[in-house]
Amino acid sequence: MAENTQNPAAGSAPAKPKPAAPAAAKPAAPGAAKPAAPVAAKPAAAKVESSPAGVFKPPVDRPDANPYQSSRVSALGAWFQERFYVVMPIIEYLKKKEVPKHRLSFWYYFGGLGMFFFMIQVVTGLLLLQYYKPTEAEAFASFVFIQSEVPFGWLIRQVHAWSANLMIMMLFIHMFSTFFMKSYRKPRELMWVSGFILLVLSLGFGFTGYLLPWNELAFFATQVGTEVPKVAPGGAFMVEILRGGPEVSAETLTRMFSLHVVLLPGLLLLVLSAHLMLVQILGTSSPIGYKEAGLIKGYEKFFPTFLAKDGIGWLIGFALLIYLSALYPWEIGVKADPLSSAPIGIKPEWYFWAQFQLLKDFKFEGGELVAIILFTVGAIVWIMVPFLDRQASKEQRSPIFTIIGLLVLAFLLVNTYRVYAEYSALVK
Ligand code: HEM
């Protein structure tokens, strides 16, 4: 435990730090509140210098003694505490957070799992960046080099590709589980809104990352994907913005690369900070009526109990990730040739299959525009759910929204399966 030899007041700080902090703040620095602080600080310092204990206190304009002086921490912990004592109340606050235990508690782990896979993406993405070259001439060759020449390059690449898929899968599970538990209800509306933005950004990562190996499949899938907005009013402009020109070209690669490694990570980190801050401030919700029906079996501390259990989930997720990366590698394919014709069976990544199928089903005159409008309106309604589901916000059950959620889930699953069935038959 570090001793504060400079400040006699600190030594006498009470063991229970919280109530002492505000009280101690005022008398310790009488000059701090006044504008002429340096002048006012002098007599205070002189007073301490001539104190009977004879302890020297430097004339530092410090508003507060460290109120956490006597808490039980290591010497290193005390060193940091003394310097960062202003944030200590936040840590104390986090330690108070509790997570309810009930038969649906299992679903609370998926947000953390999504975050875990995102962290893996950041680390492996940075490693891949050491060798990847984002140009039309070199992109594919650099992928082949990473895969075959760089020590463990194959593993890093496979982990990055698999972790992206697992992250999006976890986010879908997280979204639907919070939907069915109505966790979005008052006061957690912004958790839902920020979460949905995170999902859109994550899908953006998938879309922009797909083109980076510059292989045939990715090239033609990007051509199909970036074509979609064309039928909407002002869509041609949107297509040009996405492609950096009228066609998918080297410009598109530069554009996708910069979105993938700069803009999207920056935005995601910003929104994720807000999402996680809300999780901490508002705490974890329990399903409607569980408290009243006595279905809550108790509460466990977020720190360290729930976090430790989160850690077990992460270890299982990591084991699965390594297993998939080693045994089911993603192929590199053949280098994209913009002049060749599109191979059969071009399709986007699985998380876009539902929309893809909808576009295919609406192949009549003007049908694509109808499909885009349907999807956009659907997404707007989905993000507004916390504000539309008034019943849930009054802590009353809202079966209509449960049915809406089931219909959305069924639509996504059925359409995804249809693409899977059709395209696996094509490959055979
Ligand atoms: C990068 C994406 C995301 C990350 C890392 C993330 C992370 C988390 C974490 C760690 C929690 C607390 C534990 C839990 O309940 O699982 C949480 C809660 C929550 N998240 Fe997310 N989340 C993400 C995306 C989403 C999405 C897509 C939605 C929905 C559209 C969403 C909505 C919510 C809600 C409503 C809660 C509150 C749960 C409650 O209090 O019971 N999140 N999120």
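These are my notebook entries on a predicted model of a protein with a ligand.

**Entry 1. Overall counts**

I began with the secondary structure of the protein, which comes to 17 helices and 2 strands. I then looked up burial: 26% of the 428 residues count as buried. For contacts I took pairs at least 6 apart in sequence, and 76% of these join residues at least 24 apart.

**Entry 2. The ligand shell**

I listed what surrounds the ligand and found 26 residues. The closest are Gly 111, Met 115, Ser 183, Gly 195 and Leu 199. Next I asked which helices each supply at least two residues of this shell. They are α6 (109–129), α8 (153–180), α9 (189–211) and α12 (250–282). The largest share comes from α9, with 7 residues. I also sorted the shell by class: 14 residues are nonpolar, 11 are polar and 1 is charged.

**Entry 3. α9 against α10**

Since α9 gives the largest share of the shell, I followed this helix to its packing with α10 (residues 216–227). Their axes are 8 Å apart and the angle is about 135°. Angles over 145 degrees would count as roughly antiparallel, and those from 65 to 115 as roughly perpendicular; α9 and α10 are therefore oblique to each other. On the α9 side the contact is made by Phe 207, Tyr 210 and Leu 211. On the α10 side I noted Ala 218, Phe 219, Ala 221, Thr 222 and Gly 225. By class, the residues of this contact are 6 nonpolar and 2 polar, with no charged ones.

**Entry 4. α10 itself**

I checked the span of α10, which has 12 residues. From its first C-alpha to its last it reaches 17 Å, close to the expected 16 Å. I then asked which residues of α10 are buried. The list is Ala 218, Phe 219, Phe 220, Ala 221, Thr 222, Gly 225 and Thr 226. These buried residues pack against α9, α11 (235–243) and α12.

**Entry 5. Arg 243**

From α10 I went to Arg 243, which is in helix α11. Arg 243 counts as partly exposed because it has 19 C-beta neighbours inside 10 Å, and the cut-off for buried is 20 or more. Setting aside residues up to four places away in sequence, Arg 243 touches Thr 226, Val 248, Glu 251 and Thr 252. One of these, Thr 226, is on the list of buried residues of α10. I also looked up the C-alpha separation of Arg 243 and Thr 222: the atoms are 9.1 Å apart, with the two positions 21 residues apart along the chain.

**Entry 6. Met 191**

Back in α9, I picked Met 191. Met 191 is buried, with 23 other C-beta atoms within 10 Å. Leaving aside neighbours within four places in sequence, I found Met 191 in contact with Tyr 184, His 275, Leu 278, Val 279 and Leu 282. The C-alpha atoms of Met 191 and Met 277 are separated by 9.4 Å, although the residues are 86 apart along the chain.

**Entry 7. Backbone exceptions**

Most peptide bonds are trans, and most residues other than glycine have a negative phi. I looked for exceptions to both.

Where are the cis bonds? One joins Lys 186 and Pro 187, with omega about 5°. Pro 187 is in the loop between α8 and α9. Another runs from Phe 303 to Pro 304, with omega near 10°. Pro 304 lies in helix α13 (residues 302–327).

For positive phi I noted Trp 214, near 55°. Trp 214 lies in the loop between α9 and α10. I then asked whether Trp 214 is buried or exposed. With 25 other C-beta atoms within 10 Å, Trp 214 is buried. Glu 395 also has a positive phi, of about 60°. Its place is in the loop between α16 (390–393) and α17 (399–427). Glu 395 counts as partly exposed, with 13 C-beta neighbours inside 10 Å.

**Entry 8. Gly 311**

Last, I returned to α13 for Gly 311. Gly 311 counts as partly exposed, with 13 C-beta neighbours inside 10 Å. The C-alpha atoms of Gly 311 and Gly 112 are separated by 9.0 Å, while the two residues are 199 apart along the chain.

Technical notes:
Residues numbered from 1 in each chain as written. Predicted model: local features only at pLDDT ≥ 70, side-chain atom pairs only at ≥ 80, totals over all residues. Near = placed C-beta within 6 Å. Helix = DSSP H or I, 4+ residues; strand = E, 2+ residues; numbered from the N terminus. Nonpolar A, V, L, I, M, F, W, Y, C, P; charged D, E, K, R; others polar. Axes fitted to C-alpha atoms, helices over the stretch in contact; angles between N-to-C directions. Parallel < 35°, antiparallel > 145°, perpendicular 65-115°, else oblique. Contact = placed C-beta atoms within 7 Å. Expected span 1.5 Å × (residues − 1). Buried ≥ 20, exposed ≤ 12 C-beta atoms within 10 Å, placed from the backbone.
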